[in-house]
Amino acid sequence: MSSSAYETLTEALVTRIGVDPERLAPERTFAELALDSMALVELAVALDGHADAGLPLEGLSTLTLAEAADLLSAPTAGR
């Protein structure tokens with residue numbers, strides 16, 4: 001897991017979505033954080049352009065924060 005991608009992700013969760021920072025941990029899923037579909041879309045849009053890759057909306061709620069950070073730091077073809 002990229003620490004900078006994880007920091008970017010958790011910062012967006014706290015500042016844009018309003019998640020209590022004490023609830024955040026790498027093994028927590030977005031579903032465990034009780035994020036609805038609108039919050040997930042807002043998060044994906046907020047992170048677009050701040051990382052090497054974007055977050056897929058399909059299946060996002062079941063990813064852990066560590067898995068999402070890995071996706072954000074993964075290089076993508078054509079970028």
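Q: Helices are DSSP runs of H or I with at least four residues, numbered from the N terminus; where, on that reading, is the place of Asp-70?

A: Asp-70 has its place in helix α3, and it should be kept in mind throughout that the model is predicted. With a relative accessible area of 37%, Asp-70 is partly exposed, because that class lies between the 20% limit for buried and the 50% limit for exposed. One can also relate Asp-70 to a residue earlier in the chain: Leu-55 is 15 residues away in sequence, and the C-alpha atoms of the two are 9.9 Å apart in space.

Q: How many helices and strands does the protein have, and in what order do the elements run from the N terminus?

A: The protein has three helices and zero strands, so that, read from the N terminus on, its elements run α-α-α. Of its 79 residues, 37% count as buried. The accessible surface comes to about 4,600 Å², and carbon and sulfur atoms account for 52% of it.

Q: Once the elements are listed, which numbers describe how α1 and α3 pack?

A: An angle between the axes and a distance between them describe the packing: α1 and helix α3, which covers residues 65–73, pack at an angle of about 115°, and their axes are 8 Å apart. The handedness is a further descriptor, and here α1 passes α3 in a right-handed crossing. On the α1 side the contact is made by Ala-5, Tyr-6, Leu-9 and Leu-13, while α3 contributes Leu-65, Ala-68, Ala-69, Leu-72 and Ser-73.

Q: How do the residues of that contact divide into nonpolar, polar and charged?

A: The residues where α1 meets α3 comprise eight nonpolar, one polar and no charged. The polar residue is Ser-73 of α3, because Ser falls outside the lists of nonpolar and charged types.

Q: Turning to charged side chains, how many salt bridges does the count come to?

A: The count comes to two salt bridges. One of them joins the side chains of Glu-42 and Arg-16, with 4.0 Å from N to O. That pair links distant parts of the chain, since Glu-42 belongs to helix α2 (residues 37–47) and Arg-16 to helix α1 (residues 3–17), 26 residues apart. In the other, Glu-32 pairs with Arg-28, and the closest N and O atoms are 3.5 Å apart.

Q: Are the partners in these pairs buried, partly exposed or exposed?

A: Relative accessibility decides the class, and the pairs can be taken in turn. Glu-42 counts as partly exposed because its value is 33%, and Arg-16 is partly exposed at 45%. In the other pair, Glu-32 has 42% and is therefore partly exposed, as is Arg-28 with 24%.

Q: Where is Glu-32 found, and which residues does it touch beyond its neighbours in sequence?

A: Glu-32 is found in the loop between α1 and α2. When residues up to four places away in sequence are not counted, Glu-32 touches Arg-23 and Glu-27. A C-alpha distance gives another kind of information: Glu-32 and Ser-61 are 29 residues apart in sequence and 8.4 Å apart in space.

Q: What does the loop between α1 and α2 touch at Thr-29, and which residues is Thr-64 in contact with?

A: Thr-29 lies in the loop between α1 and α2, whereas Thr-64 has its place in the loop between α2 and α3. Leaving out residues up to four places away in sequence, Thr-29 touches Ser-61, Thr-62, Leu-63 and Thr-64. Seen from Thr-64, with its neighbours within four places set aside, the contacts are Pro-26, Glu-27, Arg-28, Thr-29 and Phe-30. Thr-29 is buried because its relative accessible area of 15% is under the 20% limit, and Thr-64 counts as buried at 16%.

Q: What share of the contacts in the protein joins residues at least 24 apart?

A: Among contacts between residues at least 6 apart in sequence, 55% join residues at least 24 apart.

Q: Finally, what is the phi of Ala-34, and is that residue buried or exposed?

A: Ala-34 has a positive phi of about 60°, although it is not a glycine. Ala-34 is found in the loop between α1 and α2, and it counts as exposed because its relative accessibility is 64%, which is over 50%.

Conventions:
Residues are numbered from 1 along each chain as its sequence is written. This is a predicted model: local features need pLDDT of at least 70, side-chain atom pairs count only at pLDDT 80 or more; totals for chains, interfaces and linings use all residues. Side-chain values use heavy atoms; hydrogens and water are left out. Helices (H or I, at least four residues) and strands (E, at least two) are DSSP runs, numbered from the N terminus. Buried means under 20% relative accessible area, exposed over 50%, partly exposed in between (1.4 Å probe, protein chains only). Axes are lines fitted to C-alpha atoms, for helices over the stretch in contact, and angles run from 0 to 180 degrees between N-to-C directions. A crossing is left-handed if the near helix is turned anticlockwise from the far one by less than a right angle, and right-handed if clockwise. Contact means heavy atoms within 4.5 Å. Accessible areas come from the Shrake-Rupley method with a 1.4 Å probe; for residues, only the protein chains shown count as cover.
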